[in-house]
Amino acid sequence: MAGGRPKGWIVVLPLKRLGAAKSRLEHPGRALLALAMATDTAAAAAAVGRDVVTGVLLVTNDPAASAAITAQAVDGGEVAKDGPAGQGHGGWAPVLAVPDLPDRGLNAALRHGARVATRRWPGHGVAAMSADLAALRPAELRAALLAAPPTGRAVLADAAGTGTVLLCAAPGSELLPRFGEDSHALHVRSGAVDLTGGLAASVPGLRRDVDTVVDLAAARLLGVGPATSAALATAAANAG
Ligand SMILES: Nc1nc2c(ncn2[C@@H]2O[C@H](COP(=O)(O)OP(=O)(O)OP(=O)(O)O)[C@@H](O)[C@H]2O)c(=O)[nH]1
Ligand SMILES: C=C(OP(=O)(O)O)C(=O)O
């Protein structure tokens with residue numbers, strides 16, 4: 001496919017089976033929180049505005065999570081309703097889900113998601129994003145996608161500066177995901193333009209992925225979305 005400025009972006013969100021997800025998160029509500037954070041991430045991405053985000057594609061082999069997240073997004077979550085960017089920019093994008101194929105880990109899931117997105121939405125860019133961004137605001141993702149170059153790949157580092165929260169591929173470029181240890185450096189070394197310096201302080205929720213309880217506390221300080229907030233309240237009530 002020819003390159004060029006994307007018609008819009010498809011945000012690809014990978015989500016592990018909830019039973020195995022967030023293994024580093026030492027919290028009694030771990031599985032519930034993994035679902036809730038993915039729900040808030042999907043809702044925030046869907047609320048960016050359809051002039052920038054055309055669709056959100058969840059890649060998961062967890063049927064319950066898939067059903068819950070796509071249903072929530074259809075109704076329009078509280079983040080979507082309250083988000084500053086969704087209104088006036090063409091409304092919310094649809095959230096769809098596909099199975100995780102070939103079920104061989106995160107990078108394989110992302111390559112599959114990118115292929116599905118490119119087939120379904122020709123001429124669109126693909127933006128792979130972590131599904132644990134509990135404090136993501138639609139305006140942050142909007143700013144990052146508008147900052148991505150019209151050709152080639154771009155990357156945004158996580159809050160620690162070593163991992164990746166967002167990897168974009170404009171039309172005509174392959175995503176080439178290398179998530180895992182030191183993924184930010186690997187993405188830069190493989191040619192992705194680094195968006196981190198230009199955006200750093202302006203997108204704290206986008207850079208705050210939640211793997212540990214320390215990350216969760218940092219996300220809470222920024223302000224988590226409604227699903228995560230409800231999951232935390234449920235976990236607290238169950239513990240009390
Ligand atoms: N579809 C899919 N998503 C994955 C897979 N592995 C990780 N993810 C997702 O990719 C993002 C980053 O994942 P990780 O930090 O590696 O895994 P995690 O479950 O979030 O946390 P840990 O278990 O503590 O590593 C999260 O949105 C995960 O749900 C996979 O094999 N398939
Ligand atoms: C997989 C990654 O992140 P984490 O394991 O920290 O969620 C990454 O940053 O590439």
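Which residues are around ligand 2? In this predicted model, the residues around ligand 2 are Ser130, Asp158, Gly163, Thr164, Phe179, Gly180, Ser183, Asp209 and Asp211. Sorted by class, the shell around ligand 2 holds one nonpolar residue, five polar residues and three charged residues.

The surroundings of ligand 1 comprise 17 residues, of which Pro14, Ser23, Arg24, Ala109 and Ala131 come nearest to the ligand. Two or more residues of this shell are contributed by each of strand 1 (9-15), strand 2 (53-60) and helix 4 (106-120). In terms of class, seven nonpolar, four polar and six charged residues make up the shell around ligand 1.

At the level of the whole chain, the model contains ten helices and seven strands, and the C-alpha trace extends over about 55 × 35 × 35 Å along its principal axes. The radius of gyration of the chain is 16 Å, which agrees with the value near 18 Å that a compact globule of 240 residues would have. Buried residues account for 51% of the 240 residues in the chain. Among the contacts with a separation of 6 or more, 78% are between residues 24 or more positions apart.

The largest nonpolar core consists of 70 residues, and the members that touch the most other members are Val12, Leu13, Ala45, Val56 and Ala127. Helix 1 (residues 30-46) supplies the largest share of this core, namely eleven residues. For Val56, when residues up to four places away in sequence are not counted, the residues touched are Val11, Leu13, Ala42, Ala45, Ala46, Ala93 and Val95. Two of the residues in this list, Leu13 and Ala45, are also named with Val56 among the core members that touch the most others.

Helix 1 was further examined for its length and its burial. At 1.5 Å a residue, the 17 residues of helix 1 should span 24 Å, and the end C-alpha atoms of the helix are indeed 24 Å apart, so that the expected and computed values agree. Because 14 of these 17 residues are buried, helix 1 is largely enclosed by the rest of the structure. A corresponding result holds for helix 5 (residues 138-147), which is likewise largely enclosed by the rest of the structure, because seven of its ten residues are buried. The buried residues of helix 5 are Pro138, Ala139, Glu140, Leu141, Arg142, Ala144 and Leu145.

Methods. Residues are numbered from 1 along each chain as its sequence is written. Chains are lettered from A and ligands numbered from 1 in the order in which they are written. This is a predicted model: local features need pLDDT of at least 70, side-chain atom pairs count only at pLDDT 80 or more; totals for chains, interfaces and linings use all residues. A residue is near a molecule or strand if its C-beta atom, placed from the backbone, lies within 6 Å of it. Helices (H or I, at least four residues) and strands (E, at least two) are DSSP runs, numbered from the N terminus. Ala, Val, Leu, Ile, Met, Phe, Trp, Tyr, Cys and Pro count as nonpolar, Asp, Glu, Lys and Arg as charged, and the others, Gly among them, as polar. A nonpolar core is a set of buried Ala, Val, Leu, Ile, Met, Phe, Trp, Tyr and Cys residues joined through C-beta atoms within 7 Å. A residue is buried if 20 or more other C-beta atoms lie within 10 Å of its own, exposed if 12 or fewer, and partly exposed in between; C-beta atoms are placed from the backbone. Two residues are in contact if their C-beta atoms, placed from the backbone, lie within 7 Å. The expected span of a helix is 1.5 Å times one less than its number of residues. The radius of gyration is taken over C-alpha atoms; the globule rule is 2.2 Å times the number of residues to the power 0.38.
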